[in-house]
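Reader: I would like to learn how to read a model like this one. Please take me through it feature by feature.

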Amino acid sequence: MIPELGQFALVLALLLAIAQGVLPIVGAWRGNAALMAVARPAAAGQGVFVFAAMAVLIYAFLSFDFSVAYVADNSNLALPWYYRVTAVWGAHEGSMLLWVTILNVWSVALAALSRHLPQAFVARVLGVLGLIGVGFIAFILFTSNPFMRELPMPVDGGDLNPVLQDPGMTFHPPVLYMGYVGFSVAFAFSIAALLGGEMEQAWVRWARPWTNVAWAFLTLGIVAGSWWAYAELGWGGWWFWDPVENASFMPWLVGVALIHAQAVTEKRGSLPAWTVLLSLFAFSLSLLGTFLVRSGVLTSVHAFASDPRRGLYILGFLVIVIGGSLLLYAIRAPKVATGKPFAPLSRETGIMVANLLFTTAAAMVLLGTLFPLIGDALNLGRVSVGPPYFGFLFVLLMAPAVLLLPFGPYLRWGRAEGRQLTSMALRAGVAAVICAIVAAFFVQGHLRAIAGVAGAVWVGAGTLAYVIKRWREMPRGRRYPAEMAGMLVAHAGVAIFLIGVMLSESLSIERDVRLAPGASATIGGYDFRFDGVAETEGPNWRADEGTVTILRDGATVGTMHPQKRTYSRGQVQTESAIDAGLFRDIYVALGEPMDANDVQGAWALRLYHKPFVRWIWLGGLFMMAGGLFAAAERRFRAKKTPAAAAVDAEPKGSLA
Amino acid sequence: MSRLLPLFGFLLLVALFGFGIWWNTGHDPHDIASPLIDQPAPAFALPVLGEPERTIDKASLLGRPYLLNVFASWCIECVHEHPILMTRAKELGVPLVGFNYKDEPADATAWLAKHGNPFDTIVADRDGRAGIDFGVYAAPETFLIDAKGVIRYKRIGPITPDVLDNEIRPAIAALAKESP
């Protein structure tokens, strides 16, 4: 009975979503306050019923209700409770419900935190979110119902994919979806602005914190996914340019462009059409990602079961949402030449160039991801492009962005002075060259590592120089407003990320060895002593667990326990052991016994020494923190007029 | 006019996706191009299933083409594929090498005892590391490797009678023509 309640809640949520999507927009168009007032209660109601449906599904998993086909497919009696909760989004139906749940988290938050905005505007924003909800709830109810019963009820269920039975997987999908789906808010703001014709800077200021928070979540989600792939897949890699990874990376790239474009539009009134277009793109790419993953149009390692009916539904939905919004843009977009004029050398120009680089990079990723499909369409045969394509073009496009990045804060709005730029470039450039020369002695002439150090120091020193400049020139309390601090932290994150990528990619050592108990192998200055294998057991698996002692100059650094698990349903999964450190990771994966009948004997092991690999994720976390700091800017919450607020936050912008 | 550009770009994408859905209904999405096609098969040295002291490596299989079939006792699709291998593998005229992927030897032996053993030789890739080198997505998969050790054809997913007649046989015939 209880699963039917979940379905019933979803039906009610659909009806409320229709009300939320239609009535307030009509009300805003007709100027009818009563209809506009429907928006908030309808959003709250939709939220309540969607959360109820989610709770029912979680309860079905916790109570082992194997009469529900989805529960039976993805969990079993031996699965621990925390993985039963995460099994909710372990496959297609549940992850769609998670999508809608998170959409409602954003809608309810927006309904609660938008009291200071004009009623007609809020009505349109919530209306747009309601329409998106209609599309997704109907998709769940008609093509992907997680509450479908299975009769007769099986005694025990299948299993959650063992790859997903990892702590990293518990929070990666919800966080990633918070980011993905969060771009729906910026999208709804843009559509509301297009519908209402309110192209003032005001709406961009309201949209900025929402966009920043969504982008920060997306950053965290991608970092978590990358870390999970590194820890769980056992290949020591952290990014694979897989279609599903690309699906989350494209909105992230456009998101970077968007948060910068919003700053221009909000403060200077320039580029409004571009900002609108980027918010449409960011959410469109999120939807496109969902389509690519769900429809089976592209085959991917992580793709769940595909079904052409679902593909057609999502394609139709895409045409309505993206096609409709781009049509609306074509009809209503503001004139490009509004806002304050700016000189060729100005912060506006800098941000525009960076924007073009990031959107081109997103287009490049999209092209690479869709390449197999284009190959089919043009009858070129089965072609796919891999890491060489992405690696080469991405670095090519991002290198100028890295080169330009430290100039950003030094560029003034409207018109910048060349003198300050050259003095900064001189200092950061000298620092970069010195550090690169010093680094060259340590990295045995690996060019990529040297380039990485130079790039990171260039960005880091340039950013630091600006921090010092603000400290010297500004009075206490006005030095680092939240928005400025966020920008500096995020830019420092880029420097950290560069170190991580370039050093770990060029200096990592990987070796396959066969070791008898007591024997050792040496890589990267560490001795790995293999102390044999013992049996161990978990809630739903048993494992051969190796013991590897890490020694440096005879002193023990750590003891590691890589496992080879066999889950109760027979799948074998390698659990690598990682000794993490700020400057290096030691990574051990257990292979095969040399003699299957003698697990006490020699084993094959895969050993890695990966310098600075943690900095990849650390850099990502800095960027996330930067996004959150910037969202906390007091100006975004103030009810002052935009002009007064802008002057407050941007002292001494030399106006053209 | 320029404001219509994003819309046109998107419509192009829609046409591409519509084509993708149509194409997938007419074609088997399992038929993924492998970057390994026409590349030398990765080197491997794996124990023989049931005789762990004996190892077979890539070099020992050179000299004549063979089919490498990735299977496992935990793999449901493999059960569906199995009867075709049992009844028709012999008529192909090339050895069928089993590649027991991520499986316990005891389970694999029991599975073969139950369903029959169509293989000439079986190697055991117990931890799936050789499988990673072969780019195995999921069992079952089948590779056609020529006498020089180059992968010439790859099938992801179960072999159906259709695939056997229209893809695997022609591929083997083409190999025979190449080196008389």
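Author: Start with the vocabulary: helices (H or I, at least four residues) and strands (E, at least two) are DSSP runs, numbered from the N terminus. By that count, chain B has five helices and seven strands. This is a predicted model: local features need pLDDT of at least 70, side-chain atom pairs count only at pLDDT 80 or more, and totals for chains, interfaces and linings use all residues. Residues are numbered from 1 along each chain as its sequence is written, while chains are lettered from A and ligands numbered from 1 in the order in which they are written.

Reader: In what order do the elements of chain B run from the N terminus on?

Author: They run α-β-β-β-α-β-α-β-α-β-β-α. The C-alpha trace of chain B spans about 75 × 40 × 30 Å along its principal axes.

Reader: How is chain B divided into domains?

Author: Domain bounds come from an automatic or database domain assignment. Here domain 1 covers 1–29 and domain 2 covers 31–178 of chain B. Their C-alpha centres lie 37 Å apart.

Reader: What percentage of chain B is made up of buried residues?

Author: A residue is buried if 20 or more other C-beta atoms, placed from the backbone, lie within 10 Å of its own; 12 or fewer make it exposed, and in between it is partly exposed. Of the 180 residues in chain B, 36% are buried.

Reader: Now helix packing. How do I describe a pair?

Author: Two packed helices are described by the angle between their axes and the distance between the axes. Axes are lines fitted to C-alpha atoms, for helices over the stretch in contact, and angles run from 0 to 180 degrees between N-to-C directions. Take H8 (residues 167–196) and H9 (residues 201–232) of chain A: their axes come within 7 Å and cross at roughly 155°. H8(A) and H9(A) are therefore roughly antiparallel to each other (angles over 145 degrees count as such, under 35 as roughly parallel, 65 to 115 as roughly perpendicular and the rest as oblique).

Reader: And sheets?

Author: Two strands pair if DSSP finds at least two bridges between them. In chain A, four strands form an open antiparallel sheet in the order S1-S10-S9-S8. Its edge strands are S1 (509–515) and S8 (577–579) of chain A, each pairing on one side only. Strands S9 (residues 584–593) and S10 (residues 603–611) of chain A pair over eight bridges.

Reader: Which residue in S10(A) stands opposite A:Val588?

Author: A:Leu607 does.

Reader: How many residues lie between the strands in the hairpin of S2(A) and S3(A)?

Author: Two, and A:Gly524 takes a positive phi near 55° in this hairpin. Four bridges join the antiparallel strands S2(A) and S3(A).
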